[in-house]
Amino acid sequence: MRSSSSKQITENNRGLTGRFFTLRSRLYNALGLGLRNEEGGRRWSCTDVETQRHVVRSIEAFLDCMSSDMSSHPLVKESVADIVPALGATLLQKNDAVMKLASKVFVKMMNAIPYSVIESHVLDIVHPISSSLSSCNVPVITLCATALNSILPYLTLKNERDVWKLLEETEALSYIINHIQSSGSKPAEFFFETTSLLSKILQRWPSSRFCVWNNNGLLDAIHAISLEPMLSVKAAVLQLYSAIALCRNGAKKLLDSRNSPLQLMVKSMDCLNPNYLQSTGFALAECFVIEEGRLKMIESYGEPLAKSIVSGLSNWSSQSGKLTKEQTSLITGACCACKIICWPGKHHKYFWKLGIESVLLRLLVDDFHIRQIPEHFSSLDEQETFARDGLSANFLHVVKPHVWDILGGLAAHCAEDFTAQMLKSESHLKILITCACLGFAVSLRSTRQHCQHVEYELVSRAVLLMIYSPSKYISSQAKSVLSGILKPNAKEDIKYLLNTLNTTSSGVNNPVSDNLQVMHLISVACYSGLPQYRRHIMKNQGLKILLSFIQVSSRNHIHARRMNTLPHYCGHNMKMCCYEFEEDWQGDENFLLFGLLGLAELVHHSGSIKDQVWLKSNEDQLISQVQEVCINSFASGPKWYCAYILSYFGFYGFPTKHGNRLGNALSRNEITNLTLVLANQEHVNVHGVILRVRCPPLFPSEGRTFGRNEIRLSAHVNLQALLKLLEYMYLGHLRAGEDIVKRLKTLAKHCDLQPLLQMLCRNRPKWRTSFPTFDLTSALGPNGCCFSDIVLEAKGHTFEEWKCELCTLSQPHLHAHKAILCASSDHMRALLCSGMQESQSDSIKIDLGWQALIRLVNWFYSGKLVPKPKYGCLWHNLDEEGKLEQVIPYVELYCLSDSWLLEDLHKECLRVIVNSLDSVYMATKIIQIGANCFQWHLVELAAKFMAPSYHHLRNSGQLLELDEQLVDIVRAASVARLSQ
Ligand SMILES: [Zn+2]
Ligand SMILES: [Zn+2]
């Protein structure tokens, strides 16, 4: 009996040593000293320091004997459940002497025991450790931070919220911040662990970011830490910067700060540094690819950045075709930093200079195959064979998506005069292009079978960008290779693609996913770029099908975002915040962008295809549809391509609603104050302010005063061309026949109107360049003050601090221009041009507070509701009053735009108000203001917001401040909600 049971135990306890059992029984003897029987069961509680020390030591001894194969054993699991309360309680006693020991043992436990065993005790572990961060003892803080650092990365979505609650209750974040900021010399390890902990918290909980980047003292302290000589500390600081930069507002703050981290970042990427430090540098560079950061990086560090990235991509070697984890993470890190290549700038030339084509090829094809590539190919077939062989080796799968993305970026931003002589290895580029084209063919086959993969979109996009590359060399290489590869199935492909698009736009319910649809559009655009197949697309009604697809997706706002479809971007991008207002090249308008790109190519060649009957008879329809798409689109890419397409039909420029409104000023020709006189004494009356802002070379700023001025133009200026140019200045676009385009080109060149010139020359839009803005707000400053003929005063109090550079008026006011106000608003026009009292006066009071007045005037001058309200972290960290203060100007404008019939402004304001309706406090304020101004739609919205908590609000007395009538409305909304 005895022997069999001991045999049983030996069976179950295989792997456990005798020493384990000895130490375990010592452990339990020690633990027994502190166990107390209480109502809820046995609880660990001990206040005697010597006993605590004894217990913690026996835990330590127990953990020390643990080997990795024992650590998941059931007996160990059981012991962990008993160890955690004892260690936790000891830490919570906050006795310095034992705390150090206990926190050290916690760290030991985290290292010895796998997370799966610890998981069920996470909260019991985090609580004592996080409350010990309040200690002033440097070793204790360091050890507690180390312990948390080893737990936080493993949290699941499930326990993430509870852990955050604990961190909040124990004020962990503010203690860490204090520790980092507190002066005095400390060991490097302290800095490493505390900054690492801070970055882990920031990564996981976006709401923690604001109090870090908004704290200048802390940022200074972090910068000081970055000067520590230890490389691992530098890496920790860079990681912290990356975590801060996950918040766009935070990233901006870092870039603007006097201790901008860019220099540290670039230094750390240097190939002489250890891999982990380089990787952290790359990760930060990726975070800074937002607009401001990109410009600064390219401007100041273009060359060193290219060097480091290229060395990160190429400093590896593999014998077995497999890379170590560390190598892979360095390469993918460098790939992520390579995102910078996808943007325009002067940095591309550095990448070419460093032989980027060979570097990329080496990531696709193994060295064995690369060595066999000859310097020259005898035929395209041979080129294709080498590429096929190389690809078939199935090398480095993880980085392929990146390689396609980088290749696409290089092709899109390649200089026009790029030639093969600028390459280190022409044959490598040729193979690279061929590999991409082969990838495209595979993707096309797969999407026809409804298979999708991230790589498909990326490789197809790369091929598209090569075909439409500004470099003739790359474009012709890609075209000839792709034509050959697609030949066997081309006609069938085209038929299939056009059919699918047609089904979608004709409203037939079809199961094609967004990703597949984008693939189809890219494929059509690629086929349209290949002369052999373009004709076939045209014959199969390609123009008509594309146009109606574009129209349907624009009108129904069918959008597909790129970010969501591309998981190959580094994982830390998942929890970004404050990025909602980024204006983008494609935004969520992928369908429009690629659809228009294909359409543009067909239109471009339609002249050479004789039987374009459809186009001839549907020209007007096409023009009005493309104009509509341009006006309603948000992303700059689709807008550019609309403008480009329109240029083939005699429309040059950039249609916007704002421009169309300002066109009123030109057509009515009222309140002009400047005369343009031609050599033959013909003359045109115009508005000085518009010329000043839109075309400075025609009208230099010096020497003009109030009143009517004259400008005498040179004998070369032709009246007709001048009138067209004015059309562009007022409306943002013009219509002109071929006969006048030549004269216009000269005029546009003289006036340095680059975007117009580009459209007059029908240059294909440059990838990712921003859409020309039509913004007259600079006229509100010194630039336009000499033409100001009206002062707009805000209502309300005078500001003591108010200062105007132009006058002594102490009421907040703006110096504006009647011409622009009258063009933008019929109400203003009635006020200013009617012969009423106001129209004589040079100053009027507008029934708006100062903040609302600025926005109204900016709307008239730029068509945009700016400045935008605080958003993201900045918004969430305002108190209720602060939020209300932000919203009030929009409510005021909402009311005013209703009575002034400014429909678009009304809609925009409503959008802002709806977005900010996030608390009962806000809702009670909005409902009151709405009722006072008879804006019943606002009342309804606020009531709807309060409806779900109506009973609670009534019982807690929160509705007392509302009129009975309003309470009734809320009640009705709550009833309506229940009856739904
Ligand atoms: Zn944020
Ligand atoms: Zn003034």
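In what order do the strands of the open sheet that contains S4, S5 and S6 stand? In this predicted model, the order is S5-S4-S6, and the three strands are joined with mixed pairing. Strand S5 (683-686) and strand S6 (709-712) are found at the edges, and because each has a single partner strand, one side of each is left without a neighbour in the sheet. On average, and with direction ignored, neighbouring strands of this sheet are turned by 20° against each other.

The link between S4 and S5 can be followed in detail. Strand S4 (residues 674-677) is joined to S5 by four bridges, and the two strands run antiparallel; within this pairing, Thr675 stands opposite Asn685 in S5. Helix H38 (residues 719-731) lies across S4 and S5, and the helix runs at about 10° to S5.

Another open sheet of three strands has the order S9-S8-S10, again with mixed pairing. Here strand S9 (813-816) and strand S10 (843-845) take the edge positions, each with a single partner strand, so one side of each has no neighbour in the sheet. The average turn between neighbouring strands of this sheet is 25°, direction ignored. Strand S8 (residues 790-793) and S9 run antiparallel and are joined by four bridges, and in this pairing Val791 stands opposite His815 in S9. Helix H44 (residues 850-862) packs on the sheet, where the helix touches S8 and S9, and its direction makes about 15° with that of S9.

His815, which was met in strand S9 opposite Val791, also leads to a metal site. Which residues coordinate the zinc ion (ligand 2)? The donors are Cys804 (SG), Cys807 (SG), His813 (NE2) and His815 (NE2), at 2.0 to 2.3 Å from the zinc ion (ligand 2). Along the chain these donors follow the spacing C-x2-C-x5-H-x1-H. Why is the arrangement around the zinc ion (ligand 2) tetrahedral? The four donor atoms subtend angles of 97 to 121°, and four donors count as tetrahedral if all angles lie between 85 and 135 degrees. Both histidines of this site, His813 and His815, are buried.

The zinc ion (ligand 1) is coordinated by four cysteines, namely Cys247 (SG), Cys577 (SG), Cys578 (SG) and Cys873 (SG), at 2.2 to 2.3 Å. The site of the zinc ion (ligand 1) is tetrahedral, with angles of 103 to 123° among its four donor atoms. In sequence, the donor residues are spaced C-x329-C-C-x294-C. Cys577 lies in the loop between helix H31 (542-555) and helix H32 (590-606), whereas Cys873 lies in helix H45 (residues 872-876), so this pair ties together parts that are 296 residues apart in sequence. Cys577 counts as buried because its relative accessibility is 12%, and Cys873, with a relative accessibility of 7%, counts as buried as well; the cut-off that applies here is under 20% relative accessible area.

One further residue can be placed in its surroundings. Ser131 lies in helix H7 (residues 122-131), and Ser131 is buried, with a relative accessible area of 10%. When residues up to four places away in sequence are not counted, Ser131 touches Leu92, Lys94 and Thr170.

Key:
Residues are numbered from 1 along each chain as its sequence is written. Chains are lettered from A and ligands numbered from 1 in the order in which they are written. This is a predicted model: local features need pLDDT of at least 70, side-chain atom pairs count only at pLDDT 80 or more; totals for chains, interfaces and linings use all residues. Side-chain values use heavy atoms; hydrogens and water are left out. Donors are N, O and S atoms within 2.8 Å of the metal (3.2 Å for Na, K and Ca); water is not among the atoms, so sites may look incomplete. Four donors count as tetrahedral if all angles lie between 85 and 135 degrees; four count as square planar and six as octahedral if opposite donors are over 155 degrees apart and all others between 65 and 115; anything else is irregular. Buried means under 20% relative accessible area, exposed over 50%, partly exposed in between (1.4 Å probe, protein chains only). Two strands pair if DSSP finds at least two bridges between them. Axes are lines fitted to C-alpha atoms, for helices over the stretch in contact, and angles run from 0 to 180 degrees between N-to-C directions. Contact means heavy atoms within 4.5 Å.
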